[in-house]
Amino acid sequence: MDALPYDPLFEELINDYLEKGFAVSNKLFNKLEIDGLRELALKERSEENFRLAGVGDKFNFQKERSIRSDKILWLYRADAHDSEKIFFEKIDRFIQYLNLSCYAGILRSEFHYAIYDPGTFYERHSDQFKGDDSRRFSMVLYLTEDWNKGDGGELTLYMAASANGKVLIEPMSGRLVFFDSSIEHEVLLSKAQRISLTGWMRRR
Ligand code: OGA
Ligand code: MN
């Protein structure tokens, strides 16, 4: 690969992913970048602009609080603030890296902020809609300032190969999770406000 400079963090993430079907990194975004994104989500973007998230695709869309109860706000590159521009720049480099090193064939990506208020969750699901596998990879970047054990909101990945079939990921600030969008997963009941930036890398 000669078109892109070697990036040890991307390399680690991809190798981890290839080995397990998911990968976790606490280093891809630094504290300043995370703080910037959290500030934006809570202040400039403002919680009151977030909307209750739906389930299903455009043909079968519903807002179903018994399945998921987070609220979301989509990000658009055209009106990105500085911290969001930095975020997109890094994600785009990562996608180029994925495409060149793994022939991943990612054509586009989409991201939204998500806020889980106390008492909210997202039941077990896959990010690929019925008969539509255009989402290839899922990515979540956690922004909650002071996540503590007991706050809940862990991400559970259902991985047949792991002990008891599950992997539990604690949503601490600055952590990034990257996984195959076909993997079923769930967000456990959150007892404190939980903020994240979630998105998908798509082949269509
Ligand atoms: C989703 C999702 C996981 C998380 O938004 O589809 O599964 O940890 N999010 O926030
Ligand atoms: Mn999901």
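Trainee: Where is the place of Asp7?
Mentor: First, this is a predicted model: local features need pLDDT of at least 70, side-chain atom pairs count only at pLDDT 80 or more, and totals for chains, interfaces and linings use all residues. Residues are numbered from 1 along each chain as its sequence is written, chains are lettered from A and ligands numbered from 1 in the order in which they are written, and side-chain values use heavy atoms, leaving out hydrogens and water. Helices (H or I, at least four residues) and strands (E, at least two) are DSSP runs, numbered from the N terminus. With that settled, you'll find Asp7 in the segment before H1.

Trainee: Is Asp7 buried or exposed?
Mentor: We call a residue buried under 20% relative accessible area, exposed over 50% and partly exposed in between (1.4 Å probe, protein chains only). Asp7 has a relative accessible area of 16%, so it's buried.

Trainee: Which residue has its backbone nitrogen 2.9 Å from a polar atom of the Asp7 side chain?
Mentor: A polar contact is a pair of N or O atoms within 3.5 Å; within protein, one must be able to donate a hydrogen and the other to accept it, and residues adjacent in sequence count only if both atoms are side-chain atoms. A polar atom of the Asp7 side chain lies 2.9 Å from the backbone nitrogen of Leu9.

Trainee: Phe10 is found in which helix?
Mentor: Phe10 is buried, because its relative accessibility is 2%. Its C-alpha atom is separated by 24 Å from that of Ser162, and the two are 152 residues apart along the chain. The helix that holds Phe10 covers residues 8-20, and that's H1.

Trainee: Which residues are the protein donors of the manganese ion (ligand 2)?
Mentor: Donors are N, O and S atoms within 2.8 Å of the metal (3.2 Å for Na, K and Ca), and sites may look incomplete because water is not among the atoms. Here the protein donor atoms lie 2.1 to 2.2 Å from the manganese ion. They belong to His125 (NE2), Asp127 (OD) and His185 (NE2).

Trainee: How are those donor residues of the manganese ion spaced in sequence?
Mentor: The spacing is H-x1-D-x57-H. The pair of histidines links distant parts of the chain, with His125 in strand S5 (residues 120-125) and His185 in strand S10 (residues 185-190), 60 residues apart. So for the donors, the pattern to remember is H-x1-D-x57-H.

Trainee: What is the relative accessibility of His185?
Mentor: Take His125 as a warm-up: its relative accessible area is 12%, so it's buried. His185 is buried too, because its relative accessibility is 4%.

Trainee: Which residue has a polar side-chain atom 2.6 Å from an oxygen atom of ligand 1?
Mentor: Among the residues around ligand 1, each with a heavy atom within 4 Å of it, are Arg68, Tyr122, Asp127, Tyr142, His185 and Trp200. A polar side-chain atom of His185 lies 2.9 Å from an oxygen atom of the ligand, and for an N or O atom in the Asp127 side chain the value is 3.2 Å. The 2.6 Å partner is Tyr142.

Trainee: Which element gives the most to the shell around ligand 1?
Mentor: Elements that give two or more residues to this shell are S5, strand S6 (135-142), S10 and strand S11 (194-202). The top contributor gives 3 residues, and that's S11.

Trainee: Where does Arg202 lie, and which side chain does its side chain contact at 2.8 Å?
Mentor: Arg202 lies in strand S11 and is buried, because its relative accessible area is 12%. A polar contact of 3.1 Å joins its side chain to that of Ser134. At 2.8 Å, its side chain contacts that of Glu110.

Trainee: In which loop is Tyr103 found?
Mentor: Most residues other than glycine have a negative phi. Tyr103 has a positive one, near 50 degrees, and counts as exposed because its relative accessibility is 75%. It's found in the loop between helix H3 (82-102) and strand S4 (108-116).

Trainee: And what is the phi of Asn164?
Mentor: Asn164 lies in the loop between strand S7 (155-158) and strand S8 (166-169). It's exposed, because its relative accessible area is 72%. Although Asn164 is not a glycine, its phi is positive, at about 45 degrees.

Trainee: How far apart in space are Ala80 and Lys31, C-alpha to C-alpha?
Mentor: Ala80 sits in the loop between strand S3 (71-74) and H3, and is buried because its relative accessible area is 12%. Ala80 and Lys31 are 49 residues apart in sequence, and in space their C-alpha atoms are apart by 19 Å.
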